[in-house]
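Colleague: Could you take me through one part of this model up close? I'd like to go slowly and look at a single site first.

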Amino acid sequence: MFAGNDASLGAIAESLFGIARGMDDLVYLNGSASGIGGGLIIGGSPLRGTSGYAGELGHTLVNNMGSRCHCGRTGCLETEVSLSRLLAVLKLPRADQDELEIALGVSRDPKVMREVQRQIDMLSEAISNFVNMFDPEIVILGGFLASLLSVGRERLADAVRLRSMSSMGHSVVIEKASLRSRIIMVGAAELAFSGLLDDPAGFARGATGRAGQSRA
Ligand SMILES: [Zn+2]
């Protein structure tokens, strides 16, 4: 079974209909007000783990001098790279993805710029680890992480290149999620389930390959 979090649905949806269509190896990171979720498709199959919770990428250590995380550890990705910290420096009570992107893009406040750079550096630390671990073709960023990418694409790409093992760091693409509707993501996951029900043995190949073929 899939852990039905937004990021694992997002990973499946992007591999079926989105920017990663036809790709077998991807890392998906979704940033929301409640934290950072991860979704992994490895070798064409969603990575689920024994209990279905593989991909808790938000709890990757990025700063051992960082803030305490609700998981009990210190300096997790989702405590260091967070929407609430961005809203705090922007002095905004809330913002959707577009509003955030505009606010970050137009701000010339040094405090905002420093916080954006700090978060991009922490995010690059985590992404470099994922690149080294999984050698993905693409890393997809959704939610407020997509807004961070918009304002700091070059800094993020340079840092990932620098910190990843050379060939992987140079070839990996970092892009914004192309599907933003949760309805599409749920639909994609249902499609993946239908493949499992129709052909349990053949499902080992994964949802992406088969759905991609049937639509080609
Ligand atoms: Zn944590």
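Colleague: What spacing do the donors of the zinc ion follow along the chain?

Modeller: Keep in mind that this is a predicted model. Along the chain, the zinc donors are spaced as H-x9-C-x1-C-x4-C. Put names on that pattern and you get His59, Cys69, Cys71 and Cys76. The histidine reaches the zinc ion through ND1, while each of the cysteines uses its SG, and these atoms lie 2.0 to 2.3 Å from the metal. Now look at how they sit around the zinc ion: the 4 donor atoms subtend angles of 104 to 118°, so the arrangement is tetrahedral. For that call, all angles have to lie between 85 and 135 degrees.

As for how covered the ligands are, Cys76 has a relative accessible area of 0%, so it is buried. Cys69 comes in at 5%, and it counts as buried too, because the cut-off is under 20%.

While you have the model open, have a look at the strands as well. E1 (residues 26-32) runs antiparallel to E2, with 7 bridges between the two. They make a hairpin with 2 residues between them, and Ser32 has Gly35 of E2 as its bridge partner. E2 itself spans residues 35-42 and is mostly covered, with 6 of its 8 residues buried. E2 then pairs with E3 (residues 45-46), again in the antiparallel sense, over 2 bridges. There, Ile42 stands opposite Ser45. The hairpin of E2 and E3 has 2 residues between the strands, and Gly43 in it takes a positive phi near 60°.

Note on methods: Residues numbered from 1 in each chain as written. Predicted model: local features only at pLDDT ≥ 70, side-chain atom pairs only at ≥ 80, totals over all residues. Heavy atoms only, no water. Donors = N, O, S within 2.8 Å, 3.2 Å for Na, K, Ca; no water. Tetrahedral: all angles 85-135°; square planar, octahedral: opposite > 155°, others 65-115°. Buried < 20%, exposed > 50% of the residue type's maximum accessible area, 1.4 Å probe, protein only. Helix = DSSP H or I, 4+ residues; strand = E, 2+ residues; numbered from the N terminus. Pairing = 2+ DSSP bridges.
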